[in-house]
Amino acid sequence: MKALSEIKQYLRLDKFPHIWCSGCGHGIILQSFIRAVLDLEVDRDKLVVVSGIGCSSRAVGYLDFDTLHTAHGRSVAFATGIKMAKPEFTVVALVGDGDVSAIGGNHLIHAARRNIDITVVVFNNYNYGMTGGQNSPTTPIDDCTSTTQYGNMEKPFDICVLAEAAGATYVSRSTTYHAVGLPKLIADGIAHHGFSLIEVITGCPTYYGRMNKMDNGVKMLEWQRDHAINLKQYQTLSEEEKKGKFVIGLIHLAEETEYTDEYLKIIKKAQSPTS
């Protein structure tokens, strides 16, 4: 485990104390990301971290790297632009579930389709926590939010299934309860040459938790513990037993041509005297 002093060197300490609510899991994801960067020994001068708008987006304000706080849902589009301009850079987007799968959904699926070498870490707390706890595209069916007080009637997105179907070549999921293993999943995603998505189920006790009988961080962590299951175990369950459960760990890994590599080939071809 990395020492606290090592983690602090990557934080803008003048921005603390943080503004996340008590029991919010976002801080666990933030430190897991920093641990992944440390483990990989990523050059901080060649690392760019992008966010959109939402509770998750505050993470970039605390990170002492080159960071961009962009418009709602546009983080993946900005990350794509950075990677195209600087393909040698490591580019990571820290995003919320509503941010990336609603208004940002098109950017997400097309970045995955292109298999561009960026890493997207999704902070999934099942609602729009920053603006009052409205339901998001990932809110579980029948769960309550400020805009679904009698229960959500819409079937939610499985972000990992969506990303894989769109063409992502690395997909994994964890929770803030499983904090010990989370840095490795993020590190593996960053190290993978292609589009990577890591979904992290995190707690929002202030809104989502309070409206679903989990009004503190401990209850939300216990819920994650009781509903998460690894892929091998999940595959042994009956359809009835799978209800309410979700898979954690590595979900999908493939090797495909990467977008900026192919784009550089086109540039060289265009510049060739024989073209």
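**Entry 1: a term to settle before starting**

For my notes, Ala, Val, Leu, Ile, Met, Phe, Trp, Tyr, Cys and Pro count as nonpolar, Asp, Glu, Lys and Arg count as charged, and the others, Gly among them, count as polar. I also write down at the start that what I am looking at is a predicted model.

**Entry 2: the chain as a whole**

I looked up the overall make-up and found 13 helices and ten strands in the protein chain. I then looked up its extent, and along its principal axes the C-alpha trace spans about 65 × 45 × 35 Å. For a chain of 275 residues a compact globule would have a radius of gyration near 19 Å, and the protein chain has 19 Å, so the two agree. I also noted that 49% of the 275 residues count as buried.

**Entry 3: the largest pocket**

How much space lies in the largest pocket? I found about 560 Å³ there. The lining is made by 23 residues, and those closest to the centre of this pocket are Tyr-126, Pro-140, Pro-156, Lys-245 and Phe-246. Looking for the elements that give two or more residues to this lining, I found strand E8 (196-201) and strand E10 (246-253). Sorted by class, the lining of the largest pocket has twelve nonpolar, four polar and seven charged residues.

**Entry 4: the second largest pocket**

I turned next to the second largest pocket, in which about 190 Å³ of space lies. It is lined by 15 residues, and nearest its centre I found Ile-19, Trp-20, Cys-21, Cys-55 and Met-130. Which helix gives the most to this lining? It is helix H9 (residues 205-211), with three residues. By class I wrote down nine nonpolar, five polar and one charged residues for the lining of the second largest pocket.

**Entry 5: the cavity**

Rolling a probe the size of a water molecule over the atoms shows where empty space is left. I looked up the result for closed spaces, and a search of the whole structure finds one cavity of 30 Å³ or more. The volume of the largest cavity is about 30 Å³. Its lining consists of Tyr-126, Ile-201, Thr-202, Gly-203, Tyr-208, Met-220, Trp-223 and Gln-224. The largest share of that lining, three residues, comes from helix H10 (residues 217-227). By class, the lining of the largest cavity has five nonpolar and three polar residues, with no charged residues.

**Entry 6: aromatic rings**

I looked up how the rings meet, and the structure holds seven aromatic pairs. In one of them, the rings of Trp-20 and Tyr-62 have their centres 5.4 Å apart and their planes at 80°, and since planes over 60 degrees apart count as edge-to-face, this pair is edge-to-face. The pair links distant parts of the chain, with Trp-20 in the loop between helix H1 (4-8) and helix H2 (26-40) and Tyr-62 in helix H3 (residues 58-62), 42 residues apart.

Are these two residues buried or exposed? Trp-20 has a relative accessible area of 10%, so it is buried, and Tyr-62, at 0% relative accessibility, counts as buried.

I also found that Tyr-126, Tyr-208, Trp-223 and Phe-246 form one aromatic cluster. Going back to my earlier entries, I see Tyr-126, Tyr-208 and Trp-223 in the lining of the largest cavity, while Tyr-126 and Phe-246 are among the residues closest to the centre of the largest pocket. Elsewhere in my search for rings, I noted that the charged end of Arg-114 sits over the ring of Tyr-259, 5.9 Å from its centre.

**Entry 7: backbone details**

I looked up the peptide bond from Phe-16 to Pro-17 and found that it is cis, with omega near 5°. Pro-17 lies in the loop between H1 and H2, and Trp-20 has its place in that loop as well.

Next I checked Glu-41, which has a positive phi of about 55° although it is not a glycine. Glu-41 is found in the loop between H2 and strand E1 (47-51), and its relative accessible area is 70%, so it is exposed.

Lys-213 has a positive phi of about 60°, although it is not a glycine. Its place is in the loop between H9 and H10, and at 80% relative accessibility Lys-213 counts as exposed.

Note on methods:
Residues are numbered from 1 along each chain as its sequence is written. This is a predicted model: local features need pLDDT of at least 70, side-chain atom pairs count only at pLDDT 80 or more; totals for chains, interfaces and linings use all residues. Side-chain values use heavy atoms; hydrogens and water are left out. Rings of Phe, Tyr and Trp (its six-membered ring) pair if their centres lie within 6.5 Å; planes under 30 degrees apart count as stacked, over 60 as edge-to-face and the rest as tilted. Helices (H or I, at least four residues) and strands (E, at least two) are DSSP runs, numbered from the N terminus. Buried means under 20% relative accessible area, exposed over 50%, partly exposed in between (1.4 Å probe, protein chains only). A charge sits over a ring if NZ of Lys or CZ of Arg is within 6 Å of the ring centre and within 35 degrees of the ring normal. On a 1 Å grid over the protein atoms alone, a cavity is a set of points where a 1.4 Å probe fits but cannot get out, and a pocket is an open set with protein on both sides within 12 Å along at least five of seven lines; lining residues have an atom within 4 Å of a point. Grid points are joined across faces, edges and corners, and a volume is the space filled by probe spheres set on the points. The radius of gyration is taken over C-alpha atoms; the globule rule is 2.2 Å times the number of residues to the power 0.38.
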